[in-house]
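Student: Can we go through this protein together? I'd like to learn how to read its helices and sheets.

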Amino acid sequence: MTKILAVSDVHGEENENLYTYLKNNEDIELVLILGDITDFGPLDFVETFINKVADCGVDVIAIPGNCDPTGICNAINEVSFCLHNNIIAYGDAILFGFGGSNPTPFDTPGEMDDDKIYRQVYDLLANYDYVYNSDVPKVRILVTHAPPFNTAADRVENGEHVGSSGIQKSIHEFEPEINLCGHIHEARSLSKIGNTTDVANPGMLKDNGAVLIDIKDGSNYDIDIISLDE
């Protein structure tokens with residue numbers, strides 16, 4: 001069994017409800033931070049925040065967001081593990097990570113061309129697909145800051161979809177069981193791509209949103225959007 005909590009879009013603002021929730025739910029083993037830990041800096045906040053989460057008795061893994069400045073991966077690695085462009089096995093899960101976002105109207109530091117996102121996410125998923133052993137089932141969790149295009153997770157207030165077509169295309173090709181994402185604050189949601197991939201966006205941390213994943217064994221799991229203040 002593996003229990004994971006995911007939060008996103010911290011933007012330099014702590015939420016005491018996160019620490020209280022973790023202390024009251026001691027069976028959670030891992031906290032995933034889905035990017036935008038800072039609001040264009042300062043990088044010192046990364047150490048402060050991640051250490052306070054880890055002090056609740058959990059492991060912490062993070063990716064950068066588009067609003068995190070240069071040096072964010074080094075700052076994460078100094079206190080935990082940066083999953084950006086990496087693959088790691090954790091309990092009954094395989095985690096694939098890719099931070100940053102497709103271009104936005106705001107010219108933020110962590111933006112990149114969608115073709116680059118597609119190529120690198122494709123390579124991550126393909127590398128594991130090559131060695132996958134069906135006799136040892138794992139839940140494949142794609143951890144991205146940007147949401148996939150044309151989902152509930154990438155819809156802004158006016159109804160427009162602004163997510164990454166590169167992430168969407170990779171999900172269609174490899175069908176991971178779960179995609180955790182953030183970036184679009186108002187798009188807190190749990191939806192599905194096809195019949196295979198749960199897409200979960202917890203929204204901003206300050207709004208108390210989080211995703212809880214409870215992997216029972218192998219590929220059997222529950223996934224829910226929760227409120228940290230309940």
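Student: Which strands does helix 1 lie across, and at about what angle does it run to strand 1?

Tutor: First, a heads-up: this is a predicted model, where local features need pLDDT of at least 70, side-chain atom pairs count only at pLDDT 80 or more, and totals for chains, interfaces and linings use all residues. Residues are numbered from 1 along each chain as its sequence is written, and side-chain values use heavy atoms, leaving out hydrogens and water. Helices (H or I, at least four residues) and strands (E, at least two) are DSSP runs, numbered from the N terminus. Axes are lines fitted to C-alpha atoms, for helices over the stretch in contact (heavy atoms within 4.5 Å), and angles run from 0 to 180 degrees between N-to-C directions. Helix 1 (residues 16–24) lies across strand 1, strand 2, strand 11 and strand 12, and its angle to strand 1 is about 175°.

Student: In what order do the six strands of the sheet with strand 11 and strand 12 come?

Tutor: Two strands pair if DSSP finds at least two bridges between them. The edge strands here, strand 4 and strand 12, each pair on one side only. The sheet is open with mixed pairing, and its order is 4-3-2-1-11-12.

Student: How many bridges link strand 11 with strand 12?

Tutor: One of the pairs is I215 with Y221, and V211 has I225 as its partner. The hairpin has two residues between the strands, and G218 there takes a positive phi near 55°. The strands pair in the antiparallel sense, and the count of bridges is eight.

Student: How many of the nine residues in strand 11 are buried?

Tutor: Buried means under 20% relative accessible area, with exposed over 50% and partly exposed in between (1.4 Å probe, protein chains only). Strand 11 is mostly covered, and its buried residues number seven.

Student: Which residue caps the N-terminal end of helix 5?

Tutor: Helix 5 covers residues 165–174, with G166, I167, Q168, S170, I171 and F174 buried. Those buried residues pack against helix 4 and strands 7, 8, 9 and 10. At the N-terminal end, a side-chain oxygen lies 3.2 Å from the backbone nitrogen of G166, and the residue it belongs to is S164.

Student: Which residue takes a positive phi just after helix 5?

Tutor: Look just past the end of the helix, where phi is about 50°. The residue there is E175.

Definitions and conventions:
Polar contact = N/O pair within 3.5 Å; in protein donor to acceptor, adjacent residues only side chain to side chain.
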